[in-house]
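The following exercises are to be worked through with the sequence and the three-dimensional model at hand. Each task is followed by a stepwise solution.

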Amino acid sequence: MRFWTGTLAALLLGCALDVAAVDLESLPTAELQSRYEALTHELRCMQCQNQSLADSPVGLASDLRREVREMLIAGKSDQQIRDHLVQRYGNFILFRPPFEAGTAWVWIAPFVLLAVGVFVAFRIVRQRRQLVAADDSVVDTDERL
Amino acid sequence: VNRFLIPGIAFLLLALVLYVGVERAPNRSTQQSALLGKPAPDFDLPSLTDPASRVSLAQLKGRPWVLNVWGTWCVGCREEHGVLLDIARQNAVTLVGLNWKDEDAAATAWLADLGNPYAAIAVDRDGRTAIDFGVYGAPETFFIDERGLVQYRHVGPMTLEVWQREFLSRLPRRALP
């Protein structure tokens, strides 16, 4: 029993150290560190595509994190860092693409769909109301009889 | 009939949007290089075959060339290797290898084992040049024209069909085999 507890503890410690290994890539100041975390969460890991750079364990993601770290230390702004990566990987690397000709529909489509939904809902409500009104008139005539 | 017309049209439109999204968008956004029509990024890296010399963009100026990104850890690279050897035999264009995040010993053994299709191999140990090229997975193959502009990128194992359609067709006439 004691052996197993020891093994489990060692395994858990191992996991904890593993997690810490990612955080060891920390930056000199807290401000840089928080910008680093924000940036790596909004950049896509190109290899796994639906994970952010921050979440991905693959080699390329760690290389790109290194790139972001080095640019932060070199004093680049967030926008300069984004531009640097977009030049190489295209807008696809951004989870939040900029508003331009090719990406406009991504931003506009939800509002168009919402407008269509509101229009349809409004029409249905109005139709129902007319139905109810028609029913009332039937009841009215019934009562008169 | 009228009751189903508008929902029917809406359904078809939505189906079309989803179809385009699933079928086409992933290819367009990932396979099309962001570098198309732009100058190939500069690099100056050690050579795998001759540790004393270097492989750089400057050496490749003024002629069309092809960059193939590979590593011994990459399954697709083994798959395409025979095709690369065929391509090298055609002798139509300078084929440069970028050995990406690999080990020299493993890479050298691979070439001794399978044959070396490359005119030169640059060693990208820490993956910086690959990032400059926007590489996201090996194998990837780039065509760079004689002005030094990136004209095409192929993601995945090279095939003779892709080679003929997308690479040979971009070579100047006189260079064709």
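**Exercise 1. Chain A**

What percentage of the 145 residues in chain A do buried residues make up? State also the secondary structure of the chain.

Solution. The coordinates belong to a predicted model.
Step 1. A residue counts as buried when its relative accessible area is under 20%. By that cut-off, buried residues account for 28% of chain A.
Step 2. Chain A contains five helices and zero strands, and its pattern along the sequence reads α-α-α-α-α.
Step 3. Consider the contacts in chain A between residues at least 6 apart in sequence: 46% of these join residues at least 24 apart.

**Exercise 2. The nonpolar cores**

Identify the residues with the most contacts inside the largest nonpolar core, and the elements that supply this core.

Solution.
Step 1. The largest nonpolar core comprises 44 residues, and A:Ile93, B:Trp65, B:Leu67 and B:Phe133 have the most contacts inside it.
Step 2. At least two residues of this core come from each of α2 (30-42), α3 (59-73) and α4 (78-89) of chain A, and from each of β3 (65-70), β4 (94-100), α5 (128-132), β6 (140-144) and β7 (150-155) of chain B.
Step 3. The largest share, six residues, is supplied by α3(A).
Step 4. Apart from this core lies another, of 25 residues, which includes B:Val93, B:Leu95, B:Ile121 and B:Val123.
Step 5. For B:Leu67, neighbours within four places in sequence are set aside; the contacts are then B:Val96, B:Gly97, B:Leu98, B:Phe133, B:Glu140, B:Thr141, B:Phe142 and B:Ile144.
Step 6. As a general principle, nonpolar side chains in soluble globular proteins tend to be buried together.

**Exercise 3. Helix α1 of chain B**

Compare the expected span of helix α1 (residues 2-23) of chain B with the distance between its end C-alpha atoms, and determine how many of its residues are buried.

Solution.
Step 1. The helix has 22 residues; at 1.5 Å a residue it should span 32 Å. The expected span is 1.5 Å times one less than the number of residues.
Step 2. The end C-alpha atoms are 32 Å apart, which agrees with the expectation.
Step 3. The number of buried residues in α1(B) is zero, so this helix lies largely in the open.

**Exercise 4. Salt bridges**

How many salt bridges are there over all chains? Describe selected pairs in chain B and their exposure.

Solution.
Step 1. The count over all chains comes to 17 salt bridges.
Step 2. One of the pairs is B:Arg54 with B:Asp44, at 3.0 Å from N to O. This pair links distant parts of the chain: B:Arg54 is in strand β2 (residues 54-56) and B:Asp44 in strand β1 (residues 44-46), 10 residues apart. B:Arg54 is partly exposed at 42% relative accessibility, and B:Asp44 is partly exposed at 44%.
Step 3. B:Asp86 and B:Arg89 form a salt bridge whose closest N and O atoms are 2.7 Å apart. Because they are three residues apart in helix α3 (residues 75-90) of chain B, about one helical turn separates them. B:Asp86 is partly exposed at 31%, whereas B:Arg89 is exposed at 63%.
Step 4. B:Arg165 pairs with B:Glu166, with closest N and O atoms 3.1 Å apart. B:Arg165 is partly exposed at 44%, whereas B:Glu166 is buried at 15%.
Step 5. A network of salt bridges links B:Glu161, B:Arg165, B:Glu166 and B:Arg170.

**Exercise 5. The second largest pocket**

Which element provides the largest share of the lining of the second largest pocket?

Solution.
Step 1. The volume of the second largest pocket is about 470 Å³.
Step 2. It is lined by 13 residues, of which A:Val120, A:Arg123, A:Gln127, B:Ile6 and B:Pro7 are the closest to its centre.
Step 3. α5 (104-144) of chain A and α1 of chain B each supply at least two residues of the lining. The largest share, eight residues, comes from α5(A).

**Exercise 6. B:Asn99**

Is B:Asn99 buried or exposed? Locate its element and its contacts.

Solution.
Step 1. B:Asn99 is placed in strand β4 of chain B.
Step 2. Its relative accessible area is 0%, so B:Asn99 is buried.
Step 3. With neighbours within four places in sequence left aside, B:Asn99 is in contact with B:Trp70, B:Gly71, B:Ala107, B:Ile121, B:Ala122, B:Val123, B:Asp124 and B:Arg125.
Step 4. B:Asp50 is 49 residues from B:Asn99 along the chain, and their C-alpha atoms are separated by 14 Å.

Technical notes
Residues are numbered from 1 along each chain as its sequence is written. Chains are lettered from A and ligands numbered from 1 in the order in which they are written. This is a predicted model: local features need pLDDT of at least 70, side-chain atom pairs count only at pLDDT 80 or more; totals for chains, interfaces and linings use all residues. Side-chain values use heavy atoms; hydrogens and water are left out. A nonpolar core is a set of buried Ala, Val, Leu, Ile, Met, Phe, Trp, Tyr and Cys residues joined through side-chain atoms within 4.5 Å. Buried means under 20% relative accessible area, exposed over 50%, partly exposed in between (1.4 Å probe, protein chains only). Helices (H or I, at least four residues) and strands (E, at least two) are DSSP runs, numbered from the N terminus. Contact means heavy atoms within 4.5 Å. A salt bridge is a side-chain nitrogen of Lys or Arg within 4 Å of a carboxyl oxygen of Asp or Glu. On a 1 Å grid over the protein atoms alone, a cavity is a set of points where a 1.4 Å probe fits but cannot get out, and a pocket is an open set with protein on both sides within 12 Å along at least five of seven lines; lining residues have an atom within 4 Å of a point. Grid points are joined across faces, edges and corners, and a volume is the space filled by probe spheres set on the points.
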